[in-house]
Amino acid sequence: MAAGFPARDGGLLVDRMIRAIRENRDRLSAIDGAIGDGDHGINMAKGFGLCAERLAGEPRGLEESLRTLGRVLLMEIGGSMGPLYGSFFLEMAKAARGLDRVDGPAFLGMLQAGLAKIRAVGGAEPGDKTLLDVLVPAVSALAGALDRGEPFGDALEALDAASAAGFESTRDMVARVGRASRLGERSRGFPDAGAASCDLLLRAMTDGIRDLMKEDRA
Amino acid sequence: MQRIVNDPDRVVEEMLAGFVRAHPDLVEPTSNPRVLKARGVPVPGKVGIVTGGGSGHKPAFIGYLGRNLVDAVAVGEIFSSPTAQAFYDAIRVADSGQGVVCLYGNYAGDNMNVRMARDMAEEDGIRVLAVVADDDAASAPPDQRSRRRGVAGEVLMWKVAGALAARGASLEEVAAVAQQTVDRTRSVGIGLTPCTIPAVGRPNFTIESGTMEVGIGHHGEPGIRVEPLASADAMADAMLDLLLPDGDFRAGDRVAVLVSGLGATPIMELYILFRRVAERLDGAGISLHRSYVGNYFTSLEMMGVTLTLLKLDDTLADLLDDEAESVGLRQFRRGSPGAGEG
């Protein structure tokens, strides 16, 4: 059986994302505070907290958990992040529909579907100093590693590394969309808050997948 | 944090509850707790006026719900766009069948959520036109107007468009006059102290004591320069020196002036600053048709001020002079018995 995990256990990925956002609430707000208005952590924690209430700690499958998260973010959390992440997770949920097991290509397909939607909604391009500067290289790294025939676990490491590097890369960029874009050159030197949360979310998912794969092998 | 709050995460909910109880003569709740409407909305035969934005700008946005003004408002978290659902619900409650104009400020989140809400409303067969305020002259160079933020000039856009809608104009006409108003409006702000989002608990930016930030945004977005704190007259001069050329205001023009505090500024000081603005306009041969001085569009408890100029023509002046009644703005026709401004 190819490396992967049962989709019915996939709710763990959403649980891990909720935990990551809650634990990093103040850090995200501080990053946002440098060139934004400092509420990114608050709004994200509110959205992910509402999702946790809806899921109510019951074990749920991947599709249902992602759909719940997407709906809450889209319908109940405003700002820019509500529609962007909301659309992202709803598309991931759609791509997870009907999956029994989630292996490398399946997870890649989910991320690619979410990425396509987020690009359509937000209209930003890589290099604009947004979460795309994390998501685009992270998804490419996963795709590249799987193409080279690397095992899912190794491919996830490649994703993590690209995600972390993507986040760091936003430090030297000049914001071209969103609130920080009004600063122009003065946004250089500070990382982007959306990129920070995107990096956290991706790595929370890959951590979850690694744990599920360990159980799957055991 | 010296503030009057309970749970910092519930300030918007508790503010709305208080607002609805305080002003039942003007506003009503709707089935969406993040949407308020003016009493009696939808008004049969009238184009609906919708706005919305983050909280923390009182009396904007809900303070402009009322007669000859705004019909429905989508309410966001502090400094954060309302959801697409809230904008959509606001559009639905404001529509009498004549369509709805959505008049809001140029911010990435609001643009995204309004676009999604328009798509949803159009699927229901509601015609929606949007006009985006971009009056903040300090937020981008003149050749990049699409990047400029919307600030206190939004109040004048609601006033003029709300008046025309109340006179029975069509959807296209109301949107056109709103756009014309925005195109002729320029604003700039000066910040003296930062502001604190209650749930954050501390200011997320600093303005050193003894300095002021010229061109500061409504959420503390950095301005174009930090200078030693100057006199009220020097502040007025700095703002006019930026606005007059940017908006091509010149001798013979007739303008409306709006001076708004940013939340913590004594109203007295707004008048001190306004005094100089009027003096400068007189000197430049620009006539002052109507003035608004007070807290019209604030940023929590920021100390500071915004100055907005609108270049009028006869049509805009007449619409601006129409009566209006809301929490944030009450005015009566000049020359009518007992006329006066609140």
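Helices (H or I, at least four residues) and strands (E, at least two) are DSSP runs, numbered from the N terminus. The model is a predicted one, in which local features need pLDDT of at least 70 and side-chain atom pairs count only at pLDDT 80 or more, while totals for chains, interfaces and linings use all residues. Residues are numbered from 1 along each chain as its sequence is written, chains are lettered from A and ligands numbered from 1 in the order in which they are written, and side-chain values use heavy atoms, with hydrogens and water left out.

**Exercise 1. Unusual backbone in the loops of chain B**

Task: Find where Leu300(B) lies, and state whether Leu300(B) is buried or exposed.

Solution. Begin with the position: Leu300(B) belongs to the loop between β12 and β13 of chain B. Next comes the backbone, where the phi of Leu300(B) is near 50 degrees, a positive value in a residue other than glycine. For the surface, buried means under 20% relative accessible area, exposed over 50%, and partly exposed in between (1.4 Å probe, protein chains only). With a relative accessible area of 17%, Leu300(B) is therefore buried.

Asp248(B) can be treated in the same steps. Asp248(B) is not a glycine, yet its phi is positive, about 50 degrees, and its place is the loop between α6 (232-246) and β11 (254-261) of chain B. Its relative accessible area is 37%, so Asp248(B) is partly exposed.

Last, turn to the loop between β3 (48-55) and β4 of chain B, which holds Pro59(B). The peptide bond from Lys58(B) to Pro59(B) is cis, with omega near 5 degrees. Phe61(B) lies in the loop between β3 and β4 of chain B as well, and a cis peptide bond, with omega about 0 degrees, joins Ala60(B) to Phe61(B).

**Exercise 2. Cysteines**

Task: Count the disulfides over all chains, and explain why Cys51(A) has no bond to the closest cysteine sulfur.

Solution. A disulfide is a covalent bond between the sulfur atoms of two cysteines, and the cut-off used here is a pair of cysteine sulfur atoms within 2.5 Å. A search of the whole structure gives zero disulfides. In the case of Cys51(A), the closest cysteine sulfur is that of Cys198(A), and because the two sulfurs are 17 Å apart, they are too far for a bond. As for accessibility, Cys51(A) is buried at 0%, and Cys102(B) is also buried, with a relative accessible area of 0%.

**Exercise 3. Aromatic rings**

Task: State how many aromatic pairs there are over all chains, and classify the pair of Trp158(B) and Phe297(B).

Solution. Rings of Phe, Tyr and Trp (its six-membered ring) pair if their centres lie within 6.5 Å; planes under 30 degrees apart count as stacked, over 60 as edge-to-face and the rest as tilted. By this rule there are ten aromatic pairs over all chains. One of them joins Phe88(A) and Phe89(A), which are edge-to-face, at 5.1 Å centre to centre and with 70 degrees between the planes; both residues are buried.

For Trp158(B) and Phe297(B), the centres are 6.4 Å apart and the planes stand at 15 degrees, so the pair is stacked. Trp158(B) lies in helix α4 (residues 153-166) of chain B and Phe297(B) in the loop between β12 (287-294) and β13 (304-311) of chain B, so this pair ties together parts that are 139 residues apart in sequence. Trp158(B) is buried at 0% relative accessible area, and Phe297(B) is buried at 2%.

Finally, one aromatic cluster is made up of Phe48(A), Tyr85(A), Phe88(A) and Phe89(A).

**Exercise 4. Helix α6 of chain A**

Task: Work out how the span of helix α6 (residues 104-122) of chain A compares with the span expected, and describe what lies at its ends.

Solution. The expected span of a helix is 1.5 Å times one less than its number of residues. Helix α6(A) has 19 residues and reaches 27 Å from its first C-alpha to its last, close to the expected 27 Å. At the N-terminal end, Asp103(A) acts as a cap, with a side-chain oxygen 3.1 Å from the backbone nitrogen of Ala106(A); a polar contact is a pair of N or O atoms within 3.5 Å, where within protein one must be able to donate a hydrogen and the other to accept it, and residues adjacent in sequence count only if both atoms are side-chain atoms. After the helix comes Gly123(A), with a positive phi near 75 degrees. The buried residues of α6(A) include Phe107(A), Leu111(A) and Ile118(A).
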